[in-house]
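Here is an informal walk through one protein model, from its pockets to its salt bridges and one of its helices. Have a look at the sequence and the fold, then read on.

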Amino acid sequence: MKFHQKTITMLVLRLQTPSDPEPAWAVLEGNQPAEWTHGPWETLLPLTRAQQVVLLIPSRSVLLTRTTINTRNQRQLKQALPYALEDVIADDPENQHIVWQTYQDSAQVDVAVIDRTHLRAWLSALQAHQLRPNVILPDVFALPWQADSVTLWHQGDQVWVRTGELSGYASNHHALPMLLDALAVTSGVQPLRLYSDQPTVLTNDPRFQI
């Protein structure tokens, strides 16, 4: 008897704003490569029968941070996190949607924070097209990553930096020199996976191995 593993189809959808008239998307099937496509919703919607829908939103809308809390109890974590993050959350924590990832035998907690109003706007945008995402992620997580290295994507006037499995950020390109200084504080040459749509001086920067 042969068992055939069902291939999971995933629609990865990227929006710049909740009212974005031309989203970008890629359909992933198993381990097959896929190309990004841009176009109107009318072109996208026939593809939305995918088993899973992943929505990528601008990383500037999400705070990715890390804190330390000495408990693995989920109820206690939910109560403690707003207080642990009060120095990095400008608004009332009650107005924020907070999710977290804990690790066995570690007090480290990776945290993602997004304004509840903004989150509802993204969900409403998809509901208007009869879509419900399985997962919502900041678009910096579209970048590949491997341990002990950093991935940087420079497109136009925006820069995305993925520093870890669950960490990264986006910034205006004017801040790139400062960001690179922060990345280069570790001893030795820093491995850097670089994607750029324009000439860059990074290839000659002795602090990084491209």
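What volume does the largest pocket have? The largest pocket comes out at about 530 Å³. Before going further, keep in mind that this is a predicted model, in which local features need pLDDT of at least 70 and side-chain atom pairs count only at pLDDT 80 or more, while totals for chains, interfaces and linings use all residues. Residues are numbered from 1 along each chain as its sequence is written, and side-chain values use heavy atoms, with hydrogens and water left out.

**The pockets**

A word on how the pockets were found. A pocket is an open set of points on a 1 Å grid over the protein atoms alone, with protein on both sides within 12 Å along at least five of seven lines, and lining residues have an atom within 4 Å of a point. Grid points are joined across faces, edges and corners, and the volume is the space filled by probe spheres set on the points.

In the largest pocket, 22 residues form the lining, and those nearest its centre are Trp-36, Leu-56, Ala-142, Leu-143 and Trp-153. At least two lining residues come from each of β1, β2 (24–29), β4 (52–57), β9 and β12. Strands here are DSSP E runs of at least two residues, helices are H or I runs of at least four, and both are numbered from the N terminus. The lining of this largest pocket holds 16 nonpolar, three polar and three charged residues. In that split, Ala, Val, Leu, Ile, Met, Phe, Trp, Tyr, Cys and Pro count as nonpolar, Asp, Glu, Lys and Arg as charged, and the others, Gly among them, as polar.

The second largest pocket has about 390 Å³ of space. It is lined by 20 residues, with Val-99, Ala-112, Ile-136, Leu-137 and Pro-138 closest to its centre. Two or more lining residues come from each of β6 (96–103), β7, α3 (116–127) and β8, and β7 gives the most, with five. By class, the lining of the second largest pocket has 17 nonpolar residues, two polar and one charged.

**The salt bridges**

How many salt bridges does the structure hold? There are four, a salt bridge being a side-chain nitrogen of Lys or Arg within 4 Å of a carboxyl oxygen of Asp or Glu. Here are three pairs with their N to O distances.

| Pair | Closest N and O atoms |
|---|---|
| Arg-14 and Asp-139 | 3.1 Å |
| Arg-66 and Asp-110 | 2.8 Å |
| Asp-205 and Arg-207 | 2.9 Å |

Take the salt bridge between Arg-14 and Asp-139. Arg-14 sits in strand β1 (residues 9–14) and Asp-139 in the loop between β8 (135–138) and β9, so this pair ties together parts that are 125 residues apart in sequence. Arg-14 and Asp-139 are both buried, where buried means under 20% relative accessible area, exposed over 50% and partly exposed in between (1.4 Å probe, protein chains only).

Next comes the salt bridge of Arg-66 with Asp-110. Arg-66 belongs to strand β5 (residues 63–68) and Asp-110 to strand β7 (residues 106–115), so the two tie together parts that are 44 residues apart in sequence. Arg-66 is partly exposed, at 46% relative accessible area, whereas Asp-110 is buried, at 5%.

Asp-181, Asp-205 and Arg-207 are linked in a network of salt bridges. Within that network, Asp-205 counts as buried at 15% relative accessibility, and Arg-207 as partly exposed at 30%.

**Helix α4 and Gln-190**

Which residues of helix α4 (residues 176–183) are buried? They are Leu-176, Leu-179, Leu-180 and Leu-183. These leucines cover an arc of only 100 degrees around the axis, which puts them on the same side of α4; the arc is that of the directions from the helix axis to the C-beta atoms. On the other side of α4, Pro-177 and Met-178 are exposed.

The buried residues of α4 pack against β9 (150–155), β10 (158–164), β11 (167–172), β12 (190–196) and β13 (208–209), with contact meaning heavy atoms within 4.5 Å. Gln-190 has its place in strand β12 and is buried, with a relative accessible area of 11%. Not counting residues up to four places away in sequence, Gln-190 touches Asp-148, Ser-149, Val-150, Leu-183, Arg-207, Phe-208 and Gln-209.

**The whole protein**

The protein has four helices and 13 strands, and buried residues make up 37% of its 210 residues.

How values were computed. On a 1 Å grid over the protein atoms alone, a cavity is a set of points where a 1.4 Å probe fits but cannot get out, and a pocket is an open set with protein on both sides within 12 Å along at least five of seven lines; lining residues have an atom within 4 Å of a point.
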